[in-house]
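Hi,

Here's the structure I said I'd pass along. Have a look at it first, and my notes on what turned up are underneath.

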Amino acid sequence: LPNGDNIVPSPQQAAVWDAMAEGKKPSSIIFVAFNRLIADELKKKVPAGCDAMTMHSMGGKIVRNNFDMLPGYKATNQFRTSNIIEELHEGLTGKHASIWDLKKNEPEFLSATEKLVNLCKLNLCDGSSESLEDLCSHYSVELNGTQEKVFQFVPAVLERAKDVTKDRTMDFADMIWLPVVLDLPFKPYDLLLWDEAQDGNRCQQALAKKCGKRLLLCGDRFQAIYGFAGADATAMDRMEDELSSTKIGVKVLPLTVTRRCGSEIVKDAREIV
């Protein structure tokens, strides 16, 4: 930067710089954005040598590097869970049923199974009856008399979903789940910066720790609003607790300046949080 030596850092910036100076200067850096639109915007702004992508893009890249996936867009299959349910149905029940049969005759079973498989991946649950009961209660998953069959299928579908070589595809949740649950080989970045970290689910948190030797998480616990979609409402507190027990430890720095709104709005907000 021109006149970079003359920059006077804020206390928060100084703390970040001092922390980075304690270790090796990062040679590989990634910015993880909340969605593709933000990631595409970041790509235009980050310095040369820095990557910018979504958490799902990062995880999907790991899966592709470890498996012989179908080419291009064919590797991403949003109906993968449905296909696996159809594949396993005869073996688990003794009755053949296509996905169309299940949609017509057992829509409650199909819907609940698909929802719970997805939630198990996002929350890193093993599909045990106890964990499924907790998920149904927390996320208001309606079983409508299908509990026995749903609870039979979910762990079986999760186990089959780990076998990527069989269908060479992944769905959206698999992109972050497979690298974690299969512990896929990956050379971590020296520094991973994660924006909107308060909306990360348990699986994304695990993936961030896998992919970054050091982490910088930016988020506001009072703006965690994606719990309905599997996000962990205690993400910031959980990551602080988990990182504090590591060798590097953790430092918590306040965000003291907002560019979103005027000071009077901030004043009113402080009355609430």
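**What I found**

Strands S3 and S4 pair in parallel, with six bridges between them. One pair to look for there is aspartate 195, whose bridge partner in S4 is cysteine 218. On S1 (residues 29–33), S3 has another parallel neighbour, and four bridges join the two. Isoleucine 29 is the residue standing opposite leucine 191 of S3 in that pairing.

So how enclosed is S3 (residues 189–195)? Six of its seven residues are buried, so the rest of the structure largely encloses the strand.

Before going further, the wider picture. Keep in mind that this is a predicted model. The chain has 273 residues, and 37% of them count as buried. Its secondary structure comes to 13 helices and four strands. If you're setting up a box, the C-alpha trace spans about 75 × 45 × 35 Å along its principal axes. Taking contacts with a sequence separation of 6 or more, 65% are between residues 24 or more positions apart.

Now for the helix pair I spent some time on. H11 (residues 202–211) and H12 (residues 235–244) have axes that come within 11 Å and cross at roughly 35°. The crossing of H11 past H12 is right-handed. On the H11 side, the contact is made by Arg202, Gln205 and Lys209. H12 brings Ala235, Arg238, Met239, Glu242 and Leu243 to it. What sort of residues make up this contact? They divide into four charged, three nonpolar and one polar.

H12 also has a buried set of its own: Ala235, Met236, Met239 and Leu243. These four sit on the same side of H12, because the arc they cover around the axis is only 95°. And what covers them? The cover includes H11 and also strand S4 (212–218). That brings us back to the strands, since S4 is the one that pairs with S3 over six bridges.

If you open the model, I'd go through it in this order: the S3 pairings with S1 and S4, then the H11 and H12 crossing, then the buried side of H12.

Cheers

Terms used:
Residues are numbered from 1 along each chain as its sequence is written. This is a predicted model: local features need pLDDT of at least 70, side-chain atom pairs count only at pLDDT 80 or more; totals for chains, interfaces and linings use all residues. Side-chain values use heavy atoms; hydrogens and water are left out. Axes are lines fitted to C-alpha atoms, for helices over the stretch in contact, and angles run from 0 to 180 degrees between N-to-C directions. A crossing is left-handed if the near helix is turned anticlockwise from the far one by less than a right angle, and right-handed if clockwise. Contact means heavy atoms within 4.5 Å. Ala, Val, Leu, Ile, Met, Phe, Trp, Tyr, Cys and Pro count as nonpolar, Asp, Glu, Lys and Arg as charged, and the others, Gly among them, as polar. Buried means under 20% relative accessible area, exposed over 50%, partly exposed in between (1.4 Å probe, protein chains only). The arc is that of the directions from the helix axis to the C-beta atoms. Two strands pair if DSSP finds at least two bridges between them.
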